[in-house]
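I opened my notebook to look up how the parts of one chain touch each other, and how that chain touches its neighbour. I took the inner boundary before the outer one.

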Amino acid sequence: MSSGRRILILGGIALALWGMGYGLWYAVFAEHQALNSIGSSLAEAFDAEAGRNPAAAETAFSKYTEAKYIYERQVDVHGHWIGLAMLLIVIGIGFDRIKFSQRYKVALARTLLAGAVIFPFGVLLQTFNHGPIPRGIAILGSALVFVAIGGIVLGLAARQSSAG
Amino acid sequence: MPFYQSPDAENTKEMGQDSFAPLSARRLLVLGGIGLILIGMLFGNIFAVFVLHQNASRVSASLATAAHAALAGDSSLVDASFQDVGSFLENRGTKVDTHVHMIDFGYLALLLAILVPWTAIKESIKRRLAWLFLTGAVLLPVGVFLIHYVGLAYSPMQSIGWASIFADLGGLLVLIATLGFLLGLGKIFRSQVPLAGQDGLLQDRSRTGRILLAGGLLMVLAGFLHGAYYAGFDLYRHEALDSSILRSMGKAAAANDARMVDRSLEAYGLLQGDKAVNIAAHAHIIEFGLLAMLLAFFQPYVSLRETWKLRWACVLIIGSVLLPVCVLLELRYGLVAGGLADIGGLLVIIALLAMWIGILRYTGQLDAQSGDVR
């Protein structure tokens, strides 16, 4: 098995297991609390408005915004890690069809794996810090994925034009 | 790609016919996997047409009742309305989960079907693992679908009903089967056992396979580009709007401004629609891209004339692009775009069904050759 294919298939399986494990942990220990927090803070806010208590309503709306922000990113992290893992495995299976030198193919595989790990990790960091650094990490990860997939498309096209 | 040569006699033959023998793990996973994807897509289409929009209207109506109850200072009606919202969202969530899990398990089955010959496990154990996987892959979505209807009836637990228990059991079966295959794959990577034969599936370089692979990869790339655009330009704006609209709805209720409450409700509905179409378009084009790439590997098993294989591949790609593009246009062009999106989904289903029938024909020919037909 070629190195590039090995990196993508083993990396993809490891990432899928990590993403599933993360999802399981989140579903068991955090998701219900997050959903309760979203629902209860929204109801609390409207209750406070019904009771003509704007300060309590503002606090509850802030709680709702923060809980929803974190929940949506947690779900995105889980989904993207697993989705990217499946893509790594599928590309790994067809990796021999790419007409580039072995060295370049390994570099493409490493770039794709790095992007697939870093992009959701950057999104996860946003749940702890709303600043620009986590966002930058997520952008870097997604840029790596783009570059690698662009390279793979070119490699496939090269194969096809030379074959056909 | 070379194969693991097992000491077991049933594992030593060349791929081609033997790896797709009657009730072999690969055959079960390919037919079962495509079957799961087909049922999941059909369910999704039915859900989109008959449940999704009606459910969204009920959620909006309950939210409106909550806002007007806040306006009237009626706290108990606010709570009751939010309970209704929770129930409608649970109904919607379990339907979406059923659709997504069934399709994703189908994808996983196809992936495992490709990897099966690389696993150092006896064919009889592979077959049992495949059955275990398929049982779990059906049990989980069916259990999730029933959660909303069964609730906590006759449940021995306080917060988890029988449907959830069976859904979790299904998930466990899938996990055990997948781990079993992965252990076999791990053994291959570690072992120095001589390898034999070539996997015909991975050697195929037919035009149909190449179109599906390249088309699929381009769809995935387009989905990523759209996701990046959405994250860069719309995500934070949508999140800020979500919060500010709800705040102004609450303030309007407190100020007894019924018109402002209604205007906020309308804006909130539009915002949710905008978010939903963007997320659905992003997810669907990537998933269809992955499906096209997976199906590219199984083209040697599709027993149809080359021209028809090519046609079905094109139909699949056209449908796969039409659905997400029209979903994106739904907010601007309404029902016309929605109808075209449904047609796109239908094209994917028809193409997939045609390929599934082609694979069934191949199994029939294979069984007839080996004298298994009675």
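Before counting anything, I noted that two residues are in contact if their C-beta atoms, placed from the backbone, lie within 7 Å. I also reminded myself that this is a predicted model.

Entry on the domains. I looked up the domain assignment of chain B, which gives domain 1 as residues 17-191 and domain 2 as residues 205-366. The C-alpha centres of these two domains of chain B, I found, lie 19 Å apart. With the contact rule in hand, I read that 24 residues of domain 1 of chain B are in contact with 25 residues of domain 2 of chain B. On the domain 1 side of this boundary, the elements that give two or more residues are helix H2 (25-71) and helix H3 (75-115) of chain B, and the largest share, 18 residues, comes from H2(B). Sorting that side by class, I wrote down 19 nonpolar, 4 polar and 1 charged residues.

Entry on the chains. I then turned to the boundary between the chains, where 37 residues of chain B are in contact with 32 residues of chain A. On the side of chain B that touches chain A, at least two residues each are supplied by H2, H3, helix H7 (207-254) and helix H8 (258-297) of chain B. Which helix gives the most to this side? I found that H7(B) does, with 16 residues. By class, I recorded 26 nonpolar, 5 polar and 6 charged residues on the side of chain B that touches chain A.

Technical notes. Residues are numbered from 1 along each chain as its sequence is written. Chains are lettered from A and ligands numbered from 1 in the order in which they are written. This is a predicted model: local features need pLDDT of at least 70, side-chain atom pairs count only at pLDDT 80 or more; totals for chains, interfaces and linings use all residues. Domain bounds come from an automatic or database domain assignment. Helices (H or I, at least four residues) and strands (E, at least two) are DSSP runs, numbered from the N terminus. Ala, Val, Leu, Ile, Met, Phe, Trp, Tyr, Cys and Pro count as nonpolar, Asp, Glu, Lys and Arg as charged, and the others, Gly among them, as polar.
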